[in-house]
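Subject: The structure we talked about

Hi there,

Here is the structure I promised to pass on. Please have a look at it, and then read my notes below.

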Amino acid sequence: MEKKDIKSLTLSELTEEIKNMGEPAFRSKQLYEWMHVKLARDYDEMTNIPKALKEKCRENFTYTSLEKVRVQESQIDDTKKFLFALADGNVIESVFMKYKFGNSVCISSQVGCRMGCRFCASTLDGVERNLLPSEMLDQIYSIARITGEKISRVVVMGSGEPLDNYDNLLRFIKLLTDENGLNMGQRNLTVSTCGIVPNILKLADEKLAINLALSLHASNNDKRKELMPIANQYEIHEVLDACKTYFEKTGRQLTFEYSLVSGVNDTDEDATELSELLKGLNAVVNLIPVNPIKERTFKPTDRAGALSFKNKLEKNHINVTIRREMGRDIDGACGQLRRRHLEEE
Ligand code: SAH
């Protein structure tokens, strides 16, 4: 029988397992606390757990933990990008960002990605595998341990498509926001998707208060198709309708991500069309000049162009922010650090 992944179990599931092993139920609470509050890397750290139980756990469960392979620290801001190795040798990246109002961690949800967005480095070699709930948690836990900082926000905006790993994502959210664990507020969690419509609708029905970000990147479906293959599957209005449903059911404000690509989606006409498209939606557009990757020829819109695009949207009563381009000097864009590491090997 395949061993269960102990850190991906909920407290009640763990309690059930512990009872089946003939151990007293309170042990599960202790184990859970070591894993999800004290962030233990292995059983050796668990000082109040008897040796015999640790042995039983080793026999019955797998225990994930990440190995730090590289850290890149930005010289322009406090951003740190981590490359971690998983137990099977795959590597993933996560980012730590320091803001005045608290620290944020950006995590990966898959090894690689199969969505094929044209400007994105994560997807160049397709998807390798889904991350387990524990492996998503481990990115946050490891960064908390390494930096010694409190982490108040998490964004699932690293490599991978979270809604393509739906069940593990949901379990991850439950564990991260569990009052017996790190107890992060659901409102402090954001999931970013390229727009898998059925799963946006499913998420809307989960009765969660997490924030949804949609990677929009174009003002009409033809342009979106050029940048994002997923647009062949779900038409732009269908995706926006799903987002609207998400807002209606959860009350959480929507974010639309829009990476500005020079000459491709950043013209005045694009701004006008985008304003029309988003009219009446309670949303914020998050502009970010595309981070160029060497495998593609896309160029970022310059500062003046981005500001003029922003002004045009604002004149049309759309809420806009230009994302601070954090960590551009450290392979800031999704999947860049992992790729470089794999190439160097
Ligand atoms: N799969 C999810 C989350 C991953 S990426 C999604 O599609 O939303 C997080 C955001 O960064 C997405 O909006 C993605 O489109 C964007 N992104 C990826 N590569 C980029 C690049 N090179 N420059 C700018 N934005 C990029």
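Let me start with the ligand: how far from a nitrogen atom of the ligand does a polar side-chain atom of glutamate 161 lie? In this predicted model, the separation is 3.0 Å.

Two other side chains are worth a look while you are there. Serine 192 places a polar side-chain atom 2.6 Å from an oxygen atom of the ligand. For glutamate 257, a polar side-chain atom is found 3.2 Å from an oxygen atom of the ligand. As for cover, the ligand would expose 530 Å² if taken alone, and the protein buries 93% of that area.

The wider surroundings fill in the picture. There are 17 residues around the ligand, and those that come nearest are Glu161, Ser192, Ser215, His217 and Asn291. By class, this shell contains seven nonpolar, eight polar and two charged residues. Which strands each supply at least two residues of the shell? They are β10, running over 189–193, and β12, running over 254–260.

Next, the empty space inside the protein. Rolling a probe the size of a water molecule over the atoms reveals where such space remains. The search gave one cavity of 30 Å³ or more. About 40 Å³ of space lies in the largest cavity. If you would like to find it in the viewer, its lining is made up of Ala121, Ser122, Leu124, Asp125 and Gly126, together with Gly335, Arg338, Arg339 and Leu342. Sorted by class, that lining has three nonpolar, three polar and three charged residues.

Finally, the overall fold. The protein chain holds eleven helices and 14 strands. Its C-alpha trace spans about 70 × 45 × 40 Å along the principal axes. Why does the radius of gyration of the protein chain agree with that of a compact globule? With 345 residues, such a globule would have a radius of gyration near 20 Å, and the protein chain has 21 Å, so the two agree.

If you open the model with one view in mind, I would pick the ligand with Glu161, Ser192 and Glu257 shown, as each has a polar side-chain atom at the distance given above.

Happy viewing, and best wishes

How values were computed
Residues numbered from 1 in each chain as written. Predicted model: local features only at pLDDT ≥ 70, side-chain atom pairs only at ≥ 80, totals over all residues. Heavy atoms only, no water. Near = heavy atom within 4 Å. Polar contact = N/O pair within 3.5 Å; in protein donor to acceptor, adjacent residues only side chain to side chain. Areas by Shrake-Rupley, 256 points an atom, 1.4 Å probe, with all protein chains shown as cover. Helix = DSSP H or I, 4+ residues; strand = E, 2+ residues; numbered from the N terminus. Nonpolar A, V, L, I, M, F, W, Y, C, P; charged D, E, K, R; others polar. 1 Å grid on protein atoms, 1.4 Å probe; cavity = no way out; pocket = protein on both sides within 12 Å on 5 of 7 lines; lining within 4 Å. Points joined across faces, edges and corners; volume = space filled by probe spheres on them. Rg over C-alpha atoms; globule rule 2.2 N^0.38 Å.
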